[in-house]
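Please open the model in a viewer and keep the sequence panel visible. The stops below give a selection to make and then describe what is found there.

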Amino acid sequence: MDKSPYIHNRLRWHSSLAKLTFWSFMFLGLILIFFFRSPSSNPLPQDPSRRSLRTYNWGGPAWEKRVRSSARIRSRNGISVLVTGAAGFVGTHVSAALKRRGDGVLGLDNFNDYYDPSLKRARQALLERSGVFIVEGDINDSALLRKLFEVVAFTHVMHLAAQAGVRYAMENPGSYVHSNIAGFVNLLEVCKSANPQPAIVWASSSSVYGLNTKVPFSERDRTDQPASLYAATKKAGEEIAHTYNHIYGLSLTGLRFFTVYGPWGRPDMAYFFFTRDILKGKSISIFEAANHGTVARDFTYIDDIVKGCLAALDTAEKSTGSGGKKKGPAQLRVFNLGNTSPVPVSDLVSILERLLKVNAKRNIMKLPRNGDVQFTHANISLAQRELGYKPSTDLQTGLKKFVRWYLSYYSGGKKAAG
Ligand SMILES: O=C(O)[C@H]1O[C@H](OP(=O)(O)OP(=O)(O)OC[C@H]2O[C@@H](n3ccc(=O)[nH]c3=O)[C@H](O)[C@@H]2O)[C@H](O)[C@@H](O)[C@@H]1O
């Protein structure tokens, strides 16, 4: 049977329509598969740099009341301080010390799991007992920060929230950029627009001295050869501080901490996990430099650091800008807060052995090329002159206090040291 051209054309048309529909569905299917498998659509990403992007509950009259009450000044000439990273090691000690003096203190912390969050919760409980409320949130959350400044006219910000640790930067570089750079800029953006602008004191690091060999390290020395991304982000912070001081008149003081240790410390630091591993009978790695060179740190006890932080807050001049506009030059400072007596890591281990009454299983290793520098040593004459800073705790005494705390905190195996 002959097909008419009309029927022939219709058949062709139908078959192309079927093909078009088929390929459209295939295409749509591929897009959907791609969309659902793409990491950006995953609400619970595995990348720890995004841990803190989870949402937090804040706001409401009861919450605002707690914020106001925690930040209320209770002494003459007191200050009201927003402490970021308040559930951290230094943050907890500084918050408690400010509260004891009668200053208003409000904490902010994202309680991330870089190390055992239950230790952060225990520090939070400690602060709560002394009347310090820690708001759960991230320094990258502008809406939250603006809200806090709306509720309280903070005179000062003690900015201690950061991604710490030198070696972890090779595992998770994004978290350093997220907290130490993006988070810091976000905080400064909110501070510059606040009215009145607060004075800001923040944690830099001894690691900015990087591969320098001239000792002791002075604030005047070069800081352009960092050995880790961590150090590079702290150095970036110092430059960012300069910019916000220059453009907006924010009063900014950076404190270069030297290997801070003590009770309620950080489990990712060597003195802490050496203690845990020595007690467990596990071997510990002690780094040494080329040709059996000594690796040493200017270990600084937490109470000395707290005194330095409070002195920095007390001597901070007011920011000069308002409503995002600079009115005149403002204070910009950087100080070393160290102990001025470096101790070899192997001596640190010997002290721990004596205090714990257990011999360590020492595994001497070549200093890995993962961000560690061979030694640190602070020149503190500037902090001595301007802040009256005078560290008074030697490593032996400080570790004794740490070990006493450690044994009581982890006593009876009730809590397992991370
Ligand atoms: O001073 C600072 O700015 C820095 O101090 C510490 O960094 P670090 O001095 O490297 O402290 P630890 O990680 O506790 O290391 C202490 C010493 O033990 C050594 N170490 C570390 C780990 C290990 O397994 N074995 C070992 O011998 C390190 O090389 C270093 O000399 C903190 O972790 C940083 O957050 C801080 O910014």
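Is Gly 102 buried, partly exposed or exposed, and why? Select Gly 102 in this predicted model; it counts as partly exposed because 15 other C-beta atoms lie within 10 Å, whereas 20 or more would be needed for a buried residue. Gly 102 sits in the loop between H3 and strand S2 (104-109). Setting aside residues up to four places away in sequence, Gly 102 touches Ile 73, Arg 74, Ser 75 and Gly 78. For a sense of scale, select Ala 203 as well: its C-alpha atom is separated by 23 Å from that of Gly 102, and the two residues are 101 apart along the chain.

**The whole chain**

Return to the full view and colour by secondary structure. The protein comprises 12 helices and 13 strands. Of its 418 residues, 42% are buried. Among contacts with a separation of 6 or more, 82% are between residues 24 or more positions apart.

Next, select residues 81-318. The UniProt annotation "domain: NAD-dependent epimerase/dehydratase", from an unreviewed entry, covers this range. The chain is 43% helix and 18% strand over residues 81-318, and the end C-alpha atoms of the range are 13 Å apart.

**Helix H3 and Val 94**

Select helix H3 (residues 89-101) and pick out Val 94, which lies in it. Val 94 counts as buried because it has 28 C-beta neighbours inside 10 Å. Beyond its neighbours within four places in sequence, Val 94 is in contact with Val 83, Met 158, Leu 160, Val 306 and Cys 309. Display Lys 307 too: Val 94 and Lys 307 are 213 residues apart in sequence, yet their C-alpha atoms are 8.5 Å apart in space.

**Helix H9**

Two of those contacts of Val 94, Val 306 and Cys 309, lead to the next selection, helix H9 (residues 302-315). From first C-alpha to last, the 14 residues of H9 reach 20 Å, close to the 20 Å expected at 1.5 Å a residue. H9 is mostly covered, with 10 of its 14 residues buried. The buried residues include Ile 302, Asp 304, Val 306, Cys 309 and Ala 312.

**The nonpolar core**

Which residues have the most contacts inside the largest nonpolar core? They are Val 81, Leu 106, Met 158, Val 201, Cys 309, Ala 312 and Leu 313, in a core of 98 residues. H9 gives the most to this core, with eight residues. Select Ala 312 to view one part of the packing: leaving out residues up to four places away in sequence, it touches Val 201, Thr 253, Leu 255, Phe 335 and Leu 387.

**The ligand shell**

Now centre the view on the ligand and show its surroundings. It is surrounded by 18 residues, the closest being Ala 164, Ser 205, Met 269, Ala 270 and Phe 287. By class, 10 residues of the shell are nonpolar, six are polar and two are charged. Strand S8 (residues 283-288) gives the most to the shell, with three residues.

**Backbone details in the loops**

Move to the loop between helix H6 (173-193) and strand S5 (199-205), where Pro 196 is found. The peptide bond joining Asn 195 and Pro 196 is cis, with omega about 5 degrees. A further cis peptide bond runs from Val 215 to Pro 216, with omega near -10 degrees. Pro 216 lies in the loop between S5 and helix H7 (229-248).

Then select His 292, located in the loop between S8 and strand S9 (296-297). Although His 292 is not a glycine, its phi is positive, near 55 degrees. His 292 counts as exposed because 8 C-beta neighbours lie inside 10 Å.

Finish at Thr 340, in the loop between strand S11 (332-337) and strand S12 (343-344). Thr 340 also has a positive phi, about 70 degrees, and is not a glycine. With 17 other C-beta atoms within 10 Å, Thr 340 is partly exposed.

Key: Residues numbered from 1 in each chain as written. Predicted model: local features only at pLDDT ≥ 70, side-chain atom pairs only at ≥ 80, totals over all residues. Helix = DSSP H or I, 4+ residues; strand = E, 2+ residues; numbered from the N terminus. Buried ≥ 20, exposed ≤ 12 C-beta atoms within 10 Å, placed from the backbone. Contact = placed C-beta atoms within 7 Å. Expected span 1.5 Å × (residues − 1). Near = placed C-beta within 6 Å. Nonpolar A, V, L, I, M, F, W, Y, C, P; charged D, E, K, R; others polar. Core = buried A, V, L, I, M, F, W, Y, C linked by C-beta atoms within 7 Å. UniProt positions renumbered as here; feature names shortened; annotations may be inferred.
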